[in-house]
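Subject: Structure for your review: charged side chains

Dear colleague,

Please find below the structure that I agreed to pass on to you. My notes on its charged side chains follow.

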Amino acid sequence: MKFGETFMEYLHGEQESFLDKFSHVEYKRLKKVLKSCRTCRSLHGSCAADEQEDENSDALSQLCQYESCPLCDKMFFSELMKEASDIAGCFSSGVRHLLQLHIATGMQRYVLLLRQCFKNDKQTIAEEGRMLIDYVTMNTIAIRKILKKYDKVHSSVNGRDFKRKMQAEHIELLQSPWLVELAAFYLNLNESDEDSYEISGQFSCDLRTNEPVMTLNLPDSMKLEYNLTCSICLDILFNPHALSCGHLFCKSCACSAASVMIFEGLKTASPESKCPICREAGVYSNAVEMLELGLLLKRRCRDYWKERLIAERAAMLKQSKDYWDSQTKYVTGY
């Protein structure tokens, strides 16, 4: 079965009610755009034949440059960029909502515990997580295939360049920190519950090697590996945070790199502060606290986590004392 048919079956299958709330790649519409490009290409080919007869025809020469088609590019890439942005937003909000149910605090936690007396919330949450995994996987494959078709039709690398543009705009689905959080959620759910969930077998976390990694095995032979070592302290992530560029750091290490104090938090970092790895600026204001990943690492490295917690509290206390001492001296003059 062709992917277009598979994708349409997915959109109108058992998850249709779930997908009604989410954006998706308009695969059929984009294929129609490419079909019109094929027509343009055949016209360009006939122009190229005429061009051989008249080498001095500059206008024809420009017309026959079919490596990019301005008309269809405007329709194709602008629409695909909007769809990819909407999908990334829907996925992040869906995962955020799911994790709020799993790691609830305060009054919300008591309400959820009360609900569990009457309803199996864990099974519902696990099923919703599975649908989110399917959602991000199917749309990722759709984007990859339609860009590959574009390059094939136009004999160009514009589709490949578009992938890099998506990464620069932070809407590449497989680079989303929320995908890491979703994988950690399943691993936590499997460890804390007697029931095992089928999809959790797609995820694994190995902390015994020199380079601790989390591995995600997704459909269509997609295998993703995320290094769980902080690039600053060169140790396993503690209180992990993901910057907008997707790179993971300990909170205290990221605060140090951004020249802010731990108790102030990453949101107070200057817009000019850069990621220590990719050197992109302005990536701290929308940093994501990786609660599920932190919970997973805490459960699996209890002694290490306890040591780091004591050290971070001591560092935070010292920073707070130094800060308020400096403020007092500024106000009083001594």
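D161 and R164 are 3 residues apart in helix α8, so about one helical turn separates them. Their side chains meet in a salt bridge, with an N to O distance of 2.3 Å. Please bear in mind that this is a predicted model. D161 has a relative accessible area of 32% and is therefore classed as partly exposed. R164 is also partly exposed, because its relative accessibility is 48%.

Other salt bridges

The pair in helix α8 belongs to a wider set: the count comes to 10 salt bridges. Two further pairs may be of interest to you.

The side chain of E26 forms a salt bridge with that of R29, at 3.8 Å from N to O. E26 counts as partly exposed, since its relative accessibility is 26%. R29 is likewise partly exposed, with a relative accessible area of 44%.

D206 and R208 are also joined through their side chains, in a salt bridge of 3.4 Å from N to O. Here the two partners fall into separate classes of exposure. D206 is partly exposed at 26% relative accessibility, whereas R208, with a relative accessible area of 79%, is exposed. The cut-off that places R208 in the exposed class is a relative accessible area over 50%.

Salt bridges also link residues into a network, whose members are E14, E127, R130 and D134.

The positive surface patch

I would also draw your attention to a positive patch on the surface, formed by R144, K145, K148, K152, R160 and K163. Two elements each give two or more residues to this patch, namely α7 (121–154) and α8 (158–168). Which of the elements gives the most to the positive patch? It is α7, which supplies 4 residues.

R144 may serve as an example from this group. R144 lies in helix α7, and its relative accessibility of 39% means that R144 counts as partly exposed. A residue must have over 30% relative accessible area and no salt bridge to be included in a patch. R164, by contrast, takes part in a salt bridge with D161, and under that rule R164 is therefore not eligible for a patch.

In summary, helix α8 holds the D161 and R164 pair and also contributes to the positive patch.

With kind regards

Notes: Residues are numbered from 1 along each chain as its sequence is written. This is a predicted model: local features need pLDDT of at least 70, side-chain atom pairs count only at pLDDT 80 or more; totals for chains, interfaces and linings use all residues. Side-chain values use heavy atoms; hydrogens and water are left out. Patches are made of residues with over 30% relative accessible area and no salt bridge: like charges are joined within 9 Å, nonpolar side chains (Val, Leu, Ile, Met, Phe, Trp, Tyr) within 5 Å. Accessible areas come from the Shrake-Rupley method with a 1.4 Å probe; for residues, only the protein chains shown count as cover. A salt bridge is a side-chain nitrogen of Lys or Arg within 4 Å of a carboxyl oxygen of Asp or Glu. Lys and Arg count as positive and Asp and Glu as negative; His and the chain ends are not counted. The place of a charge is taken as NZ of Lys, CZ of Arg, CG of Asp or CD of Glu. Buried means under 20% relative accessible area, exposed over 50%, partly exposed in between (1.4 Å probe, protein chains only).
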